[in-house]
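Trainee: I have a structure to read and many labels to justify. Can we go through them one by one?
Mentor: Yes. Ask what each label rests on.

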Amino acid sequence: LNTYKSYTERAEQHPNACARSLFELMERKKTNLSVAVDVTTKKELLSIADSVGPYVCVLKTHIDIVEDFDKDLVAQLEALAKKHDFLIFEDRKFADIGNTVKHQYEKGVYKIASWSHITNAHTVPGEGIIKGLGEVGLPLGRGLLLLAEMSSKGALTKGSYTTESVEMARRNKDFVFGFIAQHKMNEYPDEDFVVMTPGVGLDIKGDGLGQQYRTPHEVIVESGCDVIIVGRGIYGKPDEVEAQSKRYREAGWNAYLERVRM
Ligand code: 5FU
């Protein structure tokens with residue numbers, strides 16, 4: 001199965017350009033770590049992005065929590081993405097009808113499509129959300145992840161919701177290259193969805209607000225996911241950002257090596 005192949009092999013075979021560049025860069029930098037930088041000032045966001053940059057394949061943002069957002073923040077983030085060779089993933093979780101999300105993705109204050117290589121969407125509204133986002137994202141070479149499973153306690157993203165989300169992805173492989181999920185989603189030998197997984201921590205099991213953490217080993221080896229997304233585990237202690245990035249990168253990469261040897 002594709003899950004057990006190396007990222008390089010998967011890059012060579014993948015039909016989606018965004019997935020190909022992600023797999024190539026993961027192998028090049030030997031990292032399957034994505035850091036979620038959920039801080040609320042431009043200064044902190046840029047400083048953490050610069051510190052974690054060498055260790056990540058993807059930098060995940062929530063751009064709408066930054067109090068002093070401006071165009072220069074985007075320019076500097078893009079410069080850091082070039083400097084450190086990572087992709088930017090705005091975790092926007094679009095959730096409206098196709099026509100509305102199209103504008104939310106392209107316009108407004110943030111102009112997400114213009115700088116974020118990857119974004120994601122809930123499947124609650126049905127397939128129109130993918131079509132709407134695709135009208136903006138496809139011409140720019142962007143990639144979309146569908147939220148097939150959330151990490152939080154009591155999430156409704158299960159059962160037929162999850163399986164129908166996967167069906168939607170299968171019908172839109174030009175734009176959708178994977179999922180936010182807790183398990184691998186591939187069912188057919190030729191199928192190779194990228195699974196990026198939040199809710200990853202080595203030290204604690206939850207945060208008191210519903211978040212649930214699993215270890216990189218559980219996520220990559222036992223559940224067959226591809227990218228670990230770590231937030232507070234890395235930026236939580238400001239003087240340990242670099243040390244924690246190295247620690248999670250190593251844990252994620254060792255888990256991947258264990259899996260491809262299986
Ligand atoms: F889709 C999801 C999900 O199911 N769980 C999440 O935690 C997204 N997330 C994001 O991952 C969440 O919005 C945070 O940005 C990040 C997890 O951060 P943490 O500090 O590692 O808990």
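**Labels and their reasons**

Mentor: Start with the record. In an unreviewed UniProt entry, residues 32-247 carry the annotation "domain: Orotidine 5'-phosphate decarboxylase". The model itself is predicted.

Trainee: How far apart are the end C-alpha atoms of residues 32-247?
Mentor: They lie 12 Å apart. Helix makes up 36% of the span, and strand 18%.

Trainee: Why is α3 called roughly parallel to α4?
Mentor: Look at the angle. α3 and helix α4 (residues 71-84) pack at about 5°, with axes 10 Å apart. Angles under 35 degrees count as roughly parallel. Therefore α3 is roughly parallel to α4.

Trainee: Which residues make that contact?
Mentor: α3 gives K42, L46, A49 and D50, and α4 gives L73, Q76, L77 and L80. By class, the contact of α3 with α4 has five nonpolar residues, one polar and two charged.

Trainee: Why is α3 called oblique to α11?
Mentor: Again, take the angle. Helix α3 (residues 42-52) and helix α11 (residues 241-260) pack at about 45°, and their axes are 9 Å apart. Roughly parallel needs an angle under 35 degrees, and roughly perpendicular runs from 65 to 115. About 45° fits neither, so α3 is oblique to α11.

Trainee: What is the hand of the crossing of α3 and α11?
Mentor: Right-handed. I48, S51 and V52 of α3 meet V241, E242 and S245 of α11. Three of the residues in the contact of α3 with α11 are nonpolar, two are polar and one is charged.

Trainee: How do the axes of helix α5 (residues 98-106) and helix α7 (residues 128-137) cross?
Mentor: They cross at roughly 35° and come within 7 Å. The crossing of α5 with α7 is right-handed.

Trainee: Which residues of α5 and α7 meet?
Mentor: In α5, they are G98, N99, V101, K102, Y105 and E106. In α7, they include G128, I129, K131 and G132. The contact of α5 with α7 holds five nonpolar, five polar and four charged residues.

Trainee: What makes a residue count as near the ligand?
Mentor: Its C-beta atom, placed from the backbone, must lie within 6 Å. Around the ligand there are 17 residues, and A36, M150, P198, G231 and R232 come nearest.

Trainee: What do β8 and α10 supply to the shell?
Mentor: β8 (227-230) and α10 (232-235) each supply at least two of its residues. By class, the shell around the ligand has seven nonpolar, seven polar and three charged residues.

Conventions: Residues are numbered from 1 along each chain as its sequence is written. This is a predicted model: local features need pLDDT of at least 70, side-chain atom pairs count only at pLDDT 80 or more; totals for chains, interfaces and linings use all residues. UniProt positions are given in the numbering used here, feature names are shortened, and annotations may be inferred rather than shown by experiment. Helices (H or I, at least four residues) and strands (E, at least two) are DSSP runs, numbered from the N terminus. Ala, Val, Leu, Ile, Met, Phe, Trp, Tyr, Cys and Pro count as nonpolar, Asp, Glu, Lys and Arg as charged, and the others, Gly among them, as polar. Axes are lines fitted to C-alpha atoms, for helices over the stretch in contact, and angles run from 0 to 180 degrees between N-to-C directions. A crossing is left-handed if the near helix is turned anticlockwise from the far one by less than a right angle, and right-handed if clockwise. Two residues are in contact if their C-beta atoms, placed from the backbone, lie within 7 Å. Angles under 35 degrees count as roughly parallel, over 145 as roughly antiparallel, 65 to 115 as roughly perpendicular and the rest as oblique.
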